[in-house]
Amino acid sequence: GGCLMTPQDFIHKWKRANLSERSAYQQHFLDLCELLNQPKPAAEDPEGAFYTFERGVHRTDGSHGWADVWFRGHFGWEYKKKRKDLDEAYKQLQLYREDLENPPLLIVCDLDRFEIHTNFTNTPKQVFRFSLLNLGDPGSLDLLRKAFTNPDALRPKQTTDEITQEIAEKFAEFADGMRGRKIEAHRAAHFLMKLRFCMFAEDIGLLEGKLFERILNQSRRDPKGLSRRLKNLFEAMATGGEFGADVIRHFNGGLFADADVIDLTWDEIEALILVNAKDWSNVEPSIFGTLFERLLDPAKPKPARTP
């Protein structure tokens, strides 16, 4: 019953609002509950035992803090002032998550932007992002509704093991292609290690601004151009330096001591773009040990598929 808030009402009200008041975020959350027709913390849980504002937490670093909203088995939710760093808010939630009983979703919001981060064990992390102005989109409303009613629906379909397996097989195919082109095994393995490292470094934020992805997309139909760009990138990574407008940090270790590059085919570049789109921060490093042994010694059997 009653007049429910529409997405347009919600957008209109919060577009102008400024979150300087601590109390404003609670009002924002209560309005969201209205909009989604979901129960509000005090009505659902008067004791504040499982669904509450200002949930006291011990951070994993030992200090004490508060999570803005907590709904057991659903989400931890952290607000930031408009245009403040949502990564900061997400880091805070990561510090709190054990005290919040590891909710499946970690949600951050600055009134203008929403980010829903998945937090399921043995699955790659996924992030759903949308803005206040897109709140009326069925997709955005559906994501928020699921956060309240069925967070499990946002669980990534593949496990980290399956993704690791898939990536390993792709790299084995790259290696086979290079062997077919009579490229020496050690050289191929070393080059593939460098590519793999770049993908990993990009996903944990060491190569900033999705640089490797940009290079691949820029060179989709240009294998020679890709080789040139990769050579420059490897050189910058070996010493620390500049790559176009990007500043590259110095990567230790002998991996980039040479900037040797192997020309890839169009198909290999496409395959690389797909592999790079996976979340490498979740990939099991151990699988690459066996993979690279196989690259160097093709007589070794392929890694067995786990059922």
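Select Leu226, which lies in helix α9. The model is predicted, and every stop below refers to that model. Leu226 has a relative accessibility of 1%, so Leu226 counts as buried, the cut-off being under 20%. Show its neighbours next: setting aside residues up to four places away in sequence, Leu226 touches Ile215, Leu216, Ser219, Leu264 and Ile269. Draw a distance from Leu226 to Ile269, C-alpha to C-alpha; the viewer should give 8.8 Å, for two residues 43 apart in sequence.

**Helix α9**

Extend the selection to residues 223-239, the whole of α9. This helix has 17 residues, and from first C-alpha to last it reaches 25 Å, close to the 24 Å expected at 1.5 Å a residue.

Now colour the buried residues of α9: Pro223, Gly225, Leu226, Ser227, Arg229, Leu230, Leu233, Phe234, Ala236 and Met237. Which elements do these buried residues pack against? Show the helices α7 (185-203), α8 (211-218) and α10 (266-276), together with the strands β7 (241-243) and β8 (246-248); the buried residues of α9 pack against each of these.

Step just past the end of α9 and pick Gly240, which takes a positive phi of about 80 degrees.

**α7 against α9**

Keep α9 on screen and add α7. How do α7 and α9 cross? Their axes come within 12 Å, at roughly 75 degrees. That angle falls between 65 and 115 degrees, so α7 is roughly perpendicular to α9. To see the contact, show side chains on both helices: α7 contributes Phe191, Lys194, Leu195, Phe197 and Cys198, and α9 contributes Leu230, Leu233, Phe234 and Met237.

Centre on Phe191. Leaving out residues up to four places away in sequence, Phe191 touches Met178, Leu230, Phe234, Asp260, Val261, Ile262 and Leu264. Leu230 and Phe234 in that list are also part of the α9 side of the α7 contact.

**The nonpolar cores**

Phe191 also leads into the largest nonpolar core, which has 41 residues. Select Phe191, Leu207, Phe212, Leu230, Leu233, Phe234 and Ile248, the residues that touch the most other members of this core. The helices α6 (160-180), α7, α8, α9 and α10 each supply at least two residues of the core. α7 gives the most, with seven residues.

For the other core, select Phe10, Leu32, Leu36 and Ile116. These are among the members of a second, separate core of 34 residues.

**α6 against α10**

Go back to α6 and show it with α10. The two helices pack at an angle of about 160 degrees, and their axes are 11 Å apart. An angle over 145 degrees counts as roughly antiparallel, which is why α6 and α10 are described that way. α6 passes α10 in a left-handed crossing. Turn on the side chains in contact: Ile167, Lys170, Phe171, Phe174 and Gly177 on α6, facing Glu268, Ala271, Leu272 and Val275 on α10.

Pick Phe171 from this set. Phe171 is placed in helix α6. Is Phe171 buried or exposed? Phe171 counts as buried because its relative accessibility is 0%. Then draw a line between the C-alpha atoms of Phe171 and Leu272: these atoms are separated by 9.0 Å, while the residues are 101 apart along the chain.

**Two asparagines in loops**

Leave the helices and select Asn102, in the loop between α4 (86-96) and β4 (105-109). Most residues other than glycine have a negative phi. Asn102 is not a glycine, yet has a positive phi of about 50 degrees. At 39% relative accessibility, Asn102 counts as partly exposed.

Move on to Asn122, found in the loop between β5 (113-118) and β6 (127-131). Asn122 has a positive phi too, about 55 degrees, although it is not a glycine. Its relative accessible area is 41%, so Asn122 is partly exposed.

**Zoom out**

Finish with the whole protein in cartoon view. How many helices and strands are there? The protein has 11 helices and eight strands. Colour by burial: of the 307 residues, 45% count as buried. For contacts between residues at least 6 apart in sequence, 60% join residues at least 24 apart.

Key
Residues numbered from 1 in each chain as written. Predicted model: local features only at pLDDT ≥ 70, side-chain atom pairs only at ≥ 80, totals over all residues. Heavy atoms only, no water. Helix = DSSP H or I, 4+ residues; strand = E, 2+ residues; numbered from the N terminus. Expected span 1.5 Å × (residues − 1). Buried < 20%, exposed > 50% of the residue type's maximum accessible area, 1.4 Å probe, protein only. Contact = heavy atoms within 4.5 Å. Core = buried A, V, L, I, M, F, W, Y, C linked by side-chain atoms within 4.5 Å. Axes fitted to C-alpha atoms, helices over the stretch in contact; angles between N-to-C directions. Parallel < 35°, antiparallel > 145°, perpendicular 65-115°, else oblique. Left-handed = near helix turned anticlockwise from the far one by under 90°.
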